[in-house]
Amino acid sequence: MATRCFNVVRNFAFRQLKWDHRRTFYLYSPEPIHPIHGKQVKWTNAEEAVSVIRSGSKVFVHGGAATPVALVNAMAEHGLSHSLEGVEVMHIHTEGPGTYMKPQYEGIFRSNSFFIGENAREAVNDGRADFTPIFLSEVPLIFRRKIIRLDVALISVSPPDSHGFCSLGPSVDCTRAAIQNASYIIGQVNKHMPRTFGDAMIHMTHFDALVQEDMPLPELGGQKPSEVEADIGQIIASNLVQDGATLQMGIGSIPNAVLDCLWSHRDLAIHSEMFSDGIIDLVEQGAITNARKVIHPGKICGGFAMGSERLYTFLDNNPFVVMCDIAFVNNVTIISQNPRVTALNSCIEVDLTGQVVADSIGTRMYSGVGGQVDFLRGAALCSDGLGKPILALPSTTKRGESKIVPFIKEGAGVVTTRAHVHYIVTEFGIASLFGKNLRQRAYELIQIAHPDHRQHLEKAAFDRLKCMPLPY
């Protein structure tokens, strides 16, 4: 067996970081699931584990509910106390304080978000951190194509089982690609991490250091939908979601409001980049069975999950759920094979031609591209021709400004193009835009705008299009 093993050191790590520890694995397989014969795992504390991070290191941080907060905090302290410089930290949205993104760490660390979480917004918009626009489905390609060569990955896992297997828990997403390609892997072992299946498994011998730190997982949600959000949820559930639909829910309270209205539906299925507590009641009520799915029939399939402790308990050791690599979950050709794919996503602003802003408010970055376009396209190309690509938003902001606008704000980013848009929903109804010309689109969108703004929008449409918006 020993002849099948090779000591491999990434060029950067060997030449620049000069780590004493050399990672060993089977040369012909980058998979993190097989046991490595004869390798002893190093158990240590967080401070010692992150001491391998040097100036110029490229570090990946596990995100969402699986953010390894103890390791992240230790990394921040290590960088400060050792006067490190130019450490690049890559991640999708993370939870916790994001200590290394605070002003006093400028120059030591620079965050690079593939999707901006709340703890990164200030740093990104102040110019102390970066944002990379990218489809969620393509984040793994950055690591697999060596566009970014990772030196260190900070990961959260469940405790190893009797065979030595740990689980990535609620967040497989792009993390699987990171651990396949990082030179040095540090794991925070947390007894509160749910043990999930699918692509979540990693054998403990693939870790270069393990740290036992038990911390409750961050929780999300719990707030009831507003009256407007509940109205939007009811409109979508009653008019656009059919029995047997395969659902994708984006981030936000509106997708959850839709789930609240689906208790009378039957044979629903879940194939979604993310999901939260809203699916549990539907499973218990028999509305979600996954019975008609083509991909992972009979099972809920997701890339990451975040919610309350109830959700994490539901996930734990539950074979009804598979958590998969986001390159698979968000692959358009995979999505489109399921029946009646219904993609439910939120947005920030829509102009009268159907351009959709979802990642920014003017020049201020807010979130990211995420998987919105992946699933809108998957639903549009659904193999049975019954897919529903849906975008929803309240008709106005909290200050009463219209979210349906003549022109998007200066500096705002178009995440979903006017050619991708099919259904736009507000509390005032549904605008069906697919196959409509600009004049017809403007008419449809004005009909679902807040009544206080319709006259202004109609005039603005005429000024822009040089003709009246009409339905024909």
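The following exercises, with worked solutions, concern a predicted model.

**Exercise 1. Helix H13**

Task: Determine whether helix H13 is largely enclosed by the rest of the structure or not, and name its buried residues.

Solution.
Step 1. Helix H13 covers residues 372-380.
Step 2. A residue is called buried when its relative accessible area is under 20%. The residues of H13 that are buried are Gln372, Val373, Asp374, Phe375, Leu376, Gly378 and Ala379.
Step 3. Seven of the nine residues in the helix are therefore buried, and H13 is largely enclosed by the rest of the structure.

**Exercise 2. The nonpolar cores**

Task: State which residues of the largest nonpolar core touch the most other members, and list the contacts of phenylalanine 143 beyond its neighbours within four places in sequence.

Solution.
Step 1. In soluble globular proteins, nonpolar side chains tend to be buried together.
Step 2. The largest nonpolar core contains 108 residues, and those touching the most other members are Phe143, Ile236, Phe275, Ile279 and Ile424.
Step 3. With neighbours within four places in sequence set aside, phenylalanine 143 is in contact with Phe60, Phe114, Ile148, Leu150, Cys174, Ala177, Ala178 and Asn181.
Step 4. Another core, of 33 residues, lies apart from the largest one; among its members are Ile53, Ala76, Tyr100 and Tyr105.

**Exercise 3. Two residues with positive phi**

Task: For asparagine 290 and lysine 466, give phi, the location and the class of accessibility.

Solution.
Step 1. Most residues other than glycine have a negative phi.
Step 2. Asparagine 290, although not a glycine, has a positive phi of about 60 degrees. For lysine 466, also not a glycine, phi is positive at about 65 degrees.
Step 3. Asparagine 290 belongs to the loop between helix H9 (278-284) and strand E16 (300-305). Lysine 466 is found in the segment after helix H15 (451-465).
Step 4. Asparagine 290 counts as buried because its relative accessibility is 0%. Lysine 466 counts as exposed because its relative accessibility is 66%.

**Exercise 4. The salt bridge of arginine 176**

Task: Identify the parts of the chain that the salt bridge between arginine 176 and glutamate 31 ties together, and classify both residues by accessibility.

Solution.
Step 1. The structure has 18 salt bridges. In one of them, the side chains of arginine 176 and glutamate 31 meet at 2.4 Å, N to O.
Step 2. Arginine 176 lies in helix H6 (residues 175-181), and glutamate 31 in the loop between strand E2 (24-26) and strand E3 (43-44), so the pair ties together parts that are 145 residues apart in sequence.
Step 3. Arginine 176 is buried, at 15% relative accessibility, whereas glutamate 31 is partly exposed, at 25%.
Step 4. Both residues belong to a network of salt bridges that links Glu31, Arg144, Arg176 and Asp325.

**Exercise 5. Two further salt bridges**

Task: Describe the salt bridges that arginine 292 forms with aspartate 267 and glutamate 401 with arginine 399.

Solution.
Step 1. In the bridge between arginine 292 and aspartate 267, the closest N and O atoms are 3.4 Å apart.
Step 2. Arginine 292 is in the loop between H9 and E16, and aspartate 267 in the loop between helix H8 (253-259) and strand E15 (269-275), so parts 25 residues apart in sequence are tied together.
Step 3. Arginine 292 is partly exposed, at 41% relative accessibility; aspartate 267 is also partly exposed, at 22%.
Step 4. For glutamate 401 and arginine 399, the closest N and O atoms are 3.7 Å apart.
Step 5. Glutamate 401 is partly exposed, at 34%, and arginine 399 is exposed, at 72%.

Conventions. Residues are numbered from 1 along each chain as its sequence is written. This is a predicted model: local features need pLDDT of at least 70, side-chain atom pairs count only at pLDDT 80 or more; totals for chains, interfaces and linings use all residues. Side-chain values use heavy atoms; hydrogens and water are left out. Buried means under 20% relative accessible area, exposed over 50%, partly exposed in between (1.4 Å probe, protein chains only). Helices (H or I, at least four residues) and strands (E, at least two) are DSSP runs, numbered from the N terminus. A nonpolar core is a set of buried Ala, Val, Leu, Ile, Met, Phe, Trp, Tyr and Cys residues joined through side-chain atoms within 4.5 Å. Contact means heavy atoms within 4.5 Å. A salt bridge is a side-chain nitrogen of Lys or Arg within 4 Å of a carboxyl oxygen of Asp or Glu.
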